[in-house]
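Here is a walk through some side chains and helices worth finding in your viewer. Keep the model open and click along as you read.

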Amino acid sequence: MSKGLSLPKLRAAWIGPLLAVALLFGLFAILAHETFPTTNTIVTMLRQTTVVGIAAVGMTMIIVLGGIDLSVGSAVALTTVAIALMLRGGHGAFVSALAGIAAATLCGAINGALVGYMKFVPFIATLGTMSLLRGLCKGMASEQKIDAEPHGLETLLAPLPDGREWMLLPTGVWITVILAIAVALLLRTTQAGRYVFAVGSSEPAARLCGINVPRVKFGVFALAGILVGWAGVLEFSRLTVGDPTDSVGLELDVIAAVVIGGGSLSGGEGSVLGSVLGALLMTIIKTGCTHVGLPNWVQEILTGIIIVVAVGLDRIRHRQGD
């Protein structure tokens with residue numbers, strides 16, 4: 001059912017973002033040919049894309065399901081606070097990172113329970129948890145940044161030291177790539193992935209086919225919570241502090257990346273590769289504008305135009321499908 005329906009759309013979803021990435025990279029390479037098309041700039045852009053990129057992978061599953069999650073930024077901030085508190089309490093880096101991921105996973109599970117089993121509208125449920133989680137992490141941190149010895153977590157996204165250039169990219173980027181591939185395979189090659197597309201395409205039809213819709217919704221939000229937790233670990237690696245005010249508005253960047261990548265807010269469409277390319281596209285715009293000396297407001301205008309064009313193309317595809 002859904003396998004034959006979804007695969008052609010998935011292939012088409014990332015072609016547009018890929019062309020846009022190539023076009024904008026080429027444009028900025030011409031405009032700032034001395035500084036932009038360098039290995040160092042490319043690696044830096046990949047490092048800067050990881051937080052939004054991996055959160056967008058989780059958001060892809062939610063949007064394919066027909067939902068949305070506005071609590072991503074708050075969950076990332078909560079993760080950094082949880083990690084900092086664990087580190088300050090004398091725990092090691094691995095245990096502290098796991099505790100941060102567990103906190104974000106619990107947030108995702110709560111969203112999943114509200115949406116799946118209590119029938120809350122995703123926008124309303126996650127709007128509430130966005131505020132709840134932000135207040136919770138401010139309370140845990142006493143509204144202050146929490147300094148803690150990172151015990152090696154800061155190396156996840158740091159430039160590679162001498163002798164480890166063979167890795168090409170920092171460890172955190174490679175782990176992010178592996179997680180993205182795993183989720184892409186889950187969506188495209190497994191029965192669970194086909195259930196997600198089926199629920200997003202038509203929830204009543206999915207229910208008639210015997211799919212346990214509440215369980216699918218709960219599972220998707222919980223799995224997305226794990227990925228948000230990893231985004232929080234990477235954010236802590238970048239900040240090296242627990243910051244309860246961090247990542248305000250991050251959810252908008254994440255949703256924008258999925259929409260630019262071909263995800264449909266109507267549900268039933270989206271691809272992990274497209275969303276990652278969408279996140280990379282926004283990083284290229286920010287970096288390229290900086291290299292050619294354009295102000296932030298130009299970056300915001302360009303990003304907004306691309307989002308509007310992506311949504312317009314989505315509407316055209318739906319009309320052609322009808």
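## F218 and its ring partner

Start with F218, which is partly exposed because its relative accessible area is 30%. Keep in mind that this is a predicted model. With Y117 at 49% relative accessibility, that residue counts as partly exposed too.

A pair of aromatic rings is described by the distance of the centres and the angle of the planes. For Y117 and F218, the centres are 5.9 Å apart and the planes sit at 55°, a tilted pair. This pair links distant parts of the chain: Y117 belongs to helix α5 (residues 93-117) and F218 to helix α10 (residues 213-239), with their positions 101 residues apart in the numbering.

## The other aromatic rings

How many aromatic pairs does the structure hold? There are three aromatic pairs. One of them is F25 with F36: the ring centres are 5.1 Å apart and the planes meet at 50°, so this pair is tilted. Here, too, distant parts of the chain are linked, as F25 is in helix α2 while F36 is in the loop between α2 and α3 (39-64), 11 residues apart.

Is F36 buried or exposed? F36 has 0% relative accessibility, so it counts as buried. F25, on the other hand, comes out at 23% and counts as partly exposed, the cut-off for buried being under 20%. Add F28 to F25 and F36 and you have one aromatic cluster.

## Helix α2, face by face

Helix α2 covers residues 15-31, which is 17 residues. At 1.5 Å a residue it should span 24 Å, and the end C-alpha atoms are indeed 24 Å apart, so the two values agree.

Which residues of α2 are buried? They are P17, V21, L24, F28 and A29. Look down the axis of α2 and these buried residues fall within an arc of 135°, which means they line one face of the helix. Now turn to the face pointing away from that buried side: there you'll find L19, L23 and I30, which are exposed.

## Helix α5 and what follows

Back to α5, the helix that holds Y117. Its 25 residues should span 36 Å at 1.5 Å a residue; the end C-alpha atoms are 35 Å apart, so expectation and model agree. After α5 comes K119, and its phi is positive, near 65°.

## Salt bridges

How many salt bridges are there? The count comes to three. Take R207 and E203 to begin with: their side chains meet at 2.9 Å, N to O. Both sit in helix α9 (residues 203-208), four residues apart, or about one turn of the helix. R207 is at 41% relative accessibility and therefore counts as partly exposed, and E203 is partly exposed as well, because its relative accessible area is 26%.

E203 also forms a salt bridge with K217, where the closest N and O atoms are 3.0 Å apart. Since E203 lies in helix α9 and K217 in helix α10, this pair ties together parts that are 14 residues apart in sequence. K217 counts as buried because its relative accessibility is 13%. Then there's E235 with R238, a salt bridge at 2.8 Å, N to O. These two are three residues apart in helix α10, so about one helical turn separates them. Their surroundings contrast: E235 counts as buried at 5% relative accessibility, whereas R238 is exposed, with a relative accessible area of 53%. Through shared partners, salt bridges join E203, R207 and K217 into one network.

## A buried acid with no salt bridge

Finally, have a look at D69, in the loop between α3 and α4 (72-88). D69 is buried, yet it has no salt bridge. Where is the nearest side chain of opposite charge? That is R134, 11 Å away from D69, while a salt bridge needs the atoms within 4 Å. What D69 does have is a polar contact: its side chain meets the side chain of S71 at 2.6 Å.

Note on methods:
Residues are numbered from 1 along each chain as its sequence is written. This is a predicted model: local features need pLDDT of at least 70, side-chain atom pairs count only at pLDDT 80 or more; totals for chains, interfaces and linings use all residues. Side-chain values use heavy atoms; hydrogens and water are left out. The expected span of a helix is 1.5 Å times one less than its number of residues. Buried means under 20% relative accessible area, exposed over 50%, partly exposed in between (1.4 Å probe, protein chains only). The arc is that of the directions from the helix axis to the C-beta atoms. Rings of Phe, Tyr and Trp (its six-membered ring) pair if their centres lie within 6.5 Å; planes under 30 degrees apart count as stacked, over 60 as edge-to-face and the rest as tilted. Lys and Arg count as positive and Asp and Glu as negative; His and the chain ends are not counted. A polar contact is a pair of N or O atoms within 3.5 Å; within protein, one must be able to donate a hydrogen and the other to accept it, and residues adjacent in sequence count only if both atoms are side-chain atoms.
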